[in-house]
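Trainee: Please take a close look at the interface in this model. I would like a connected account of what meets there, and of the salt bridges and ligand surroundings that go with it.

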Amino acid sequence: MRFVFKTSYDADINWFKHKTQAFWYFVLFALMLALPLYFYFLSDAYLLGEITSVMIFAIAAMGLMLLTGHTGLPSLGHATFMAMGCYLNVIYLNLGVPWLLSFVLAGATAGAVGTLIALPVLRLHGVYLALATLAMSILTGDFIVILEPWTGGISGLAVPDISIFGWEVNKYANPYRFYYVVLIIAIVIIMAYRNVLRTPLGRSFTAVRDSEISAQAMGINLTVTKSSSFFLSATTAGLAGALFGHSAGYVTNETFDVVMSITLLMMIVIGGLGFIHGAFFGAVVFGIIPVAIANGRSLLSTSFDININIPGLENGMFAVILIAFILFEPMGLYGRWLKIRTYFELFPFYRKDMFRRQKAYLKTERVQ
Amino acid sequence: MSLLSLDQVTLRFGGVVAVNNVSLSVNEGEVFGLVGPNGAGKSTVFNLISRFYDPAEGSISFDGKNILKLGSDKVPSLGVARTFQNIELFEHATVLQNLLVGRHRHRKTNMLSEIFFTPAARKEERRHREAVEEVIDFLDLQPYRDKMIAGLPYGVRKVVELGRALASEPKLLLLDEPASGLSVEETQDMAYWIEDIQKQMGITVLMVEHDMGLVSSVCNRVLALNDGKELTTGTPAEVQSHPAVVEAYLGTDGISKT
Ligand SMILES: Nc1ncnc2c1ncn2[C@@H]1O[C@H](COP(=O)(O)OP(=O)(O)OP(=O)(O)O)[C@@H](O)[C@H]1O
Ligand SMILES: [Mg+2]
């Protein structure tokens with residue numbers, strides 16, 4: 001067990017609680033930086049591309065995490081903001097805007113437009129908000145078709161390459177460069193996210209999530225807070241969408257479908273609602289499962305001559321995993337990790353009910 | 001000088017007149033008690049001051065300003081903080097984070113400076129932490145500082161809620177049954193704290209309480225309410241012996257004489 005002896009307010013404010021923690025994150029960062037070397041010597045960058053995709057989805061999941069995990073507003077429509085970011089980025093690029101500017105602008109416009117669309121539905125709660133955003137997600141494909149002159153509609157749109165001050169990045173020609181671009185953007189977004197959480201803005205988000213009544217009684221404006229969260233969330237999803245476009249190379253009206261929206265929500269639930277880590281854990285799970293199923297299938301057929309060809313097997317497995325998490329580990333993978341860590345830190349004093357929530361005290365709908 | 005005043009305020013819920021033509025005026029620096037049997041309309045008065053409800057008639061002013069024009073999130077910025085009868089804390093956050101939310105009305109940073117965590121944002125953050133640490137010391141909350149609310153015992157939650165209100169450095173503190181559900185010792189602590197809040201911090205307190213022992217020991221003046229109507233106002237002793245108050249409580253068993 002570690003006792004952190006706090007000697008200044010900065011001990012609570014800083015990103016890392018203690019030196020050891022900072023050290024481990026630095027090690028992780030160094031590993032991520034060095035990772036492409038491994039694939040370079042292997043001269044097979046296929047897996048690196050998969051890892052890059054996982055990071056892109058982790059960025060989108062961070063966007064949704066802020067809204068759902070930290071502000072308590074569910075959304076089943078985040079693929080829509082990814083679509084906005086992606087198409088706007090391409091439109092700006094085709095207008096001759098330099099990539100860096102176009103990328104940031106695409107995110108911000110997606111955020112702004114997203115917030116405008118969301119304003120009328122932000123008064124809704126829980127399942128109603130989820131349904132409203134789901135409707136938005138369903139309509140996205142149709143809007144892309146309607147806006148054909150800009151989006152290419154059904155025939156699709158080619159995504160130009162990234163060019164940063166003459167430094168060209170194409171996912172297929174140079175997967176290593178693309179990996180680094182995505183990695184750096186992911187890190188910048190994590191830093192911004194952490195900053196939000198340690199300042200009044202982030203605290204107002206969690207306050208609104210946990211009790212709207214007392215948030216108001218503390219002087220927090222619900223509409224302003226919810227729309228700020230929506231703006232940041234949609235912006236982040238938009239940035240992820242722009243990167244997704246560069247990763248896919250070509251997008252059509254069917255790219256950003258409802259399934260993608262639902263996948264994002266599943267990611268953050270499985271990863272652990274309310275933790276930045278959860279976005280990454282969830283994205284990794286969703287990256288690994290299809291690969292694991294494919295490997296398992298080929299192993300079975302080559303070694304044991306068993307051929308399993310059940311249509312929808314992947315989706316079925318996702319569904320089972322999701323239900324299992326909601327039933328047995330509502331805190332998600334990150335919550336599970338916290339428990340394991342506490343177990344070892346406190347060994348042998350860990351109690352099974354340590355993380356169990358006390359029964360909520362009587363709450364009525366009425367303001368008392 | 002009167003800090004808060006309600007003037008002939010009426011509020012109806014359908015057929016129920018929850019608050020009926022009530023006038024009251026809380027002077028700066030005093031502890032003002034609001035008593036009455038269950039369903040008398042005490043919490044509703046608080047919710048009117050918090051602007052959760054619009055009165056049908058009457059006016060409410062704080063510090064000379066008419067607050068009926070303000071939204072419920074603007075009232076705290078004038079310096080009004082409150083607690084709730086059924087504790088309303090942020091369950092999935094730590095005690096420290098809960099108290100920090102109380103600082104919201106002092107927020108000077110904006111979204112951009114917070115995202116980039118500019119030196120100014122850090123400075124502000126230190127200021128908030130300093131103020132909150134003072135509250136933690138005052139209420140002896142150190143052992144629970146980094147604990148999640150979700151696992152805390154009832155008595156501690158009550159204190160945390162008081163702390164969150166204090167962290168906002170209010171001029172007027174509204175306490176809705178601060179001692180309900182507390183043990184005798186905890187109630188004693190609460191009495192000391194309320195005294196300190198009044199005398200040392202100079203904060204005006206308006207409190208609803210059923211425990212007449214606590215009311216007599218901390219309140220300067222008391223207003224008794226029944227069925228939404230004012231019965232009488234006076235010192236705790238005067239109110240307790242007022243015939244209308246005795247009658248209102250008879251058979252309701254809502255009073256505890258200690
Ligand atoms: N939101 C509401 N809708 C309908 N009726 C309400 C509402 N809030 C309060 N009431 C009614 O108004 C009356 C006053 O309620 P209030 O909660 O103010 O009582 P109280 O004096 O705080 O009682 P207690 O001591 O039980 O807390 C009661 O008859 C109650 O049923
Ligand atoms: Mg009440």
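Mentor: A residue is called buried when its relative accessible area is under 20%, exposed when it is over 50%, and partly exposed in between. The model is a predicted one, and every value below is computed from it.

Start with the extent of the contact. Chain B contributes 51 residues and chain A contributes 39 residues. Interface size is often quoted as the accessible area that is lost when the parts come together. For chain B and chain A, the buried area is about 4100 Å². Carbon and sulfur atoms supply 58% of that area.

Next come the specific pairs. Between chain B and chain A there are 14 residue pairs in polar contact, with both residues at pLDDT 80 or more. On the side of chain B that touches chain A, the elements giving two or more residues are α1 (42-49), β6 (80-82), α2 (95-101), α3 (111-115), α4 (119-138) and α5 (154-167) of chain B. Helix α4(B) provides the largest share of that side, with 7 residues. Sorted by class, the side of chain B that touches chain A holds 20 nonpolar, 12 polar and 19 charged residues.

Chain B and chain A are also joined by 4 salt bridges. One of them links the side chains of A:R203 and B:E125, with 2.8 Å from N to O. In another pair, B:R122 forms a salt bridge with A:D10, and the closest N and O atoms are 3.3 Å apart. This pair crosses between chains, running from helix α4 of chain B, where B:R122 lies, to helix α1 (residues 10-13) of chain A, where A:D10 lies. The two partners fall into separate accessibility classes. B:R122 has a relative accessible area of 22%, which is not under 20% and not over 50%, so B:R122 is partly exposed. A:D10 has 17%, which is under 20%, so A:D10 is buried.

The ligand belongs to the same picture, since ligand 1 lies between chains A and B. There are 14 residues around ligand 1, and those that come nearest are B:G39, B:K42, B:S43, B:T44 and B:Q85. Two backbone approaches can be listed: a backbone N or O atom of B:G39 is 2.9 Å from an oxygen atom of ligand 1, and a backbone N or O atom of B:G41 is 2.9 Å from an oxygen atom of ligand 1. From a side chain, an N or O atom of B:H210 lies 3.0 Å from an oxygen atom of ligand 1.

Among the residues that come nearest to ligand 1, B:S43 can be followed further. B:S43 sits in helix α1 of chain B, one of the elements listed for the side that touches chain A. Its relative accessible area is 15%, under the 20% limit, so B:S43 is buried. The side chain of B:S43 makes a polar contact, at 2.9 Å, with the side chain of B:D176.

For the wider setting, the structure holds 20 salt bridges over all chains. Within chain A, A:E212 and A:K226 form a salt bridge, with their closest N and O atoms 3.0 Å apart. A:E212 is in helix α10 (residues 212-217) of chain A and A:K226 is in helix α11 (residues 222-248) of chain A, so this pair ties together parts 14 residues apart in sequence. A:E212 is partly exposed at 22% relative accessible area, whereas A:K226 is buried at 5%.

Within chain B, the side chains of B:E57 and B:R12 meet in a salt bridge at 3.3 Å, N to O. B:E57 belongs to strand β4 (residues 57-62) of chain B and B:R12 to strand β1 (residues 2-13) of chain B, so the pair ties together parts 45 residues apart in sequence. The relative accessible area of B:E57 is 42%, between the two cut-offs, so B:E57 is partly exposed. B:R12 is likewise partly exposed, with a relative accessible area of 42%. Salt bridges with shared partners also join A:D12, B:E133, B:R145 and B:D146 into one network.

Definitions and conventions: Residues are numbered from 1 along each chain as its sequence is written. Chains are lettered from A and ligands numbered from 1 in the order in which they are written. This is a predicted model: local features need pLDDT of at least 70, side-chain atom pairs count only at pLDDT 80 or more; totals for chains, interfaces and linings use all residues. Side-chain values use heavy atoms; hydrogens and water are left out. Contact means heavy atoms within 4.5 Å. Buried area is the accessible area (1.4 Å probe) that two parts lose on being put together, summed over both. A polar contact is a pair of N or O atoms within 3.5 Å; within protein, one must be able to donate a hydrogen and the other to accept it, and residues adjacent in sequence count only if both atoms are side-chain atoms. Helices (H or I, at least four residues) and strands (E, at least two) are DSSP runs, numbered from the N terminus. Ala, Val, Leu, Ile, Met, Phe, Trp, Tyr, Cys and Pro count as nonpolar, Asp, Glu, Lys and Arg as charged, and the others, Gly among them, as polar. Buried means under 20% relative accessible area, exposed over 50%, partly exposed in between (1.4 Å probe, protein chains only). A residue is near a molecule or strand if one of its heavy atoms lies within 4 Å of it.
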